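Work through the exercises below with the sequence and the model side by side. Try each task before reading its solution.

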Amino acid sequence: LRASVRTAIRANVQLSSYVLWHNSLPAWATRSTRGPALKALREAAATRRKQGIQIKNLSGGYTITSITLAPSYATATAVVRSHQRVAPYKSGHRLGKAIVASDHARIELHRLTNTQRFIVWRARGCKATGRRPKTTS
């Protein structure tokens, strides 16, 4: 089941990168993400689309720092730290310098009935740990 949680998170990261650039949800979006998490992606994409902004992921990655399965095995919670460099674009032209982002999120996952698969249900930011983010020049 832990491997299924990791698979769902990996698919959600790929979906998020796709949505940042294309500002639309692909047909395969519900394979990894549903509920409030999918709604948030849809709303963010619509806002960027109205503004004519695209976000290109230049580099980055994520680390799953913990996975907790509920006693019923129907839900799971994962804490994920991500770090990326992105660049905003408007009308095909890059706007300024790359932006370095570092996030720490608590991901709620739901298990699909009678399967081993999990889907990302909700993502919430975690409180800062007191560490300062690295600065790049």
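A residue is called buried when its relative accessible area is under 20%, exposed when over 50%, and partly exposed in between, with a 1.4 Å probe and protein chains only. The model is predicted, so local features need pLDDT of at least 70 and side-chain atom pairs pLDDT 80 or more, while totals for chains, interfaces and linings use all residues. Numbering starts from 1 along each chain as its sequence is written, and side-chain values use heavy atoms, without hydrogens or water.

**Exercise 1. Describe the overall build of the protein chain.**

Step 1. List the elements: helices (H or I, at least four residues) and strands (E, at least two) are DSSP runs, numbered from the N terminus. The protein chain has two helices and five strands, in the order α-α-β-β-β-β-β from the N terminus.

Step 2. Judge the compactness. The radius of gyration, taken over C-alpha atoms, is set against the globule rule, 2.2 Å times the number of residues to the power 0.38. The protein chain has a value of 16 Å, close to the 14 Å that the rule gives for 137 residues, so it is as compact as a globular protein of that length.

Step 3. Check burial: 28% of the 137 residues count as buried.

**Exercise 2. Find the largest nonpolar core and place Ile 9 in its surroundings.**

Step 1. Apply the definition: a nonpolar core is a set of buried Ala, Val, Leu, Ile, Met, Phe, Trp, Tyr and Cys residues joined through side-chain atoms within 4.5 Å.

Step 2. The largest such core has 13 residues, and Val 5, Ile 9, Ala 78, Ile 107, Leu 109 and Phe 118 touch the most other members. At least two of its residues come from each of α1 (2–22), β2 (75–90), β4 (99–111) and β5 (118–125).

Step 3. List contacts (heavy atoms within 4.5 Å). Beyond its neighbours within four places in sequence, Ile 9 meets Tyr 62, Ile 64, Ala 78, Val 80 and Leu 109.

**Exercise 3. Determine how β4 and β5 are joined.**

Step 1. Strands pair if DSSP finds at least two bridges between them. Here β4 and β5 run antiparallel and are joined by seven bridges.

Step 2. Locate one facing pair: His 110 stands opposite Ile 119 in β5.

Step 3. Inspect the connection. The two strands, β4 and β5, form a hairpin with six residues between them, and Asn 114 in the turn has a positive phi of about 60°.
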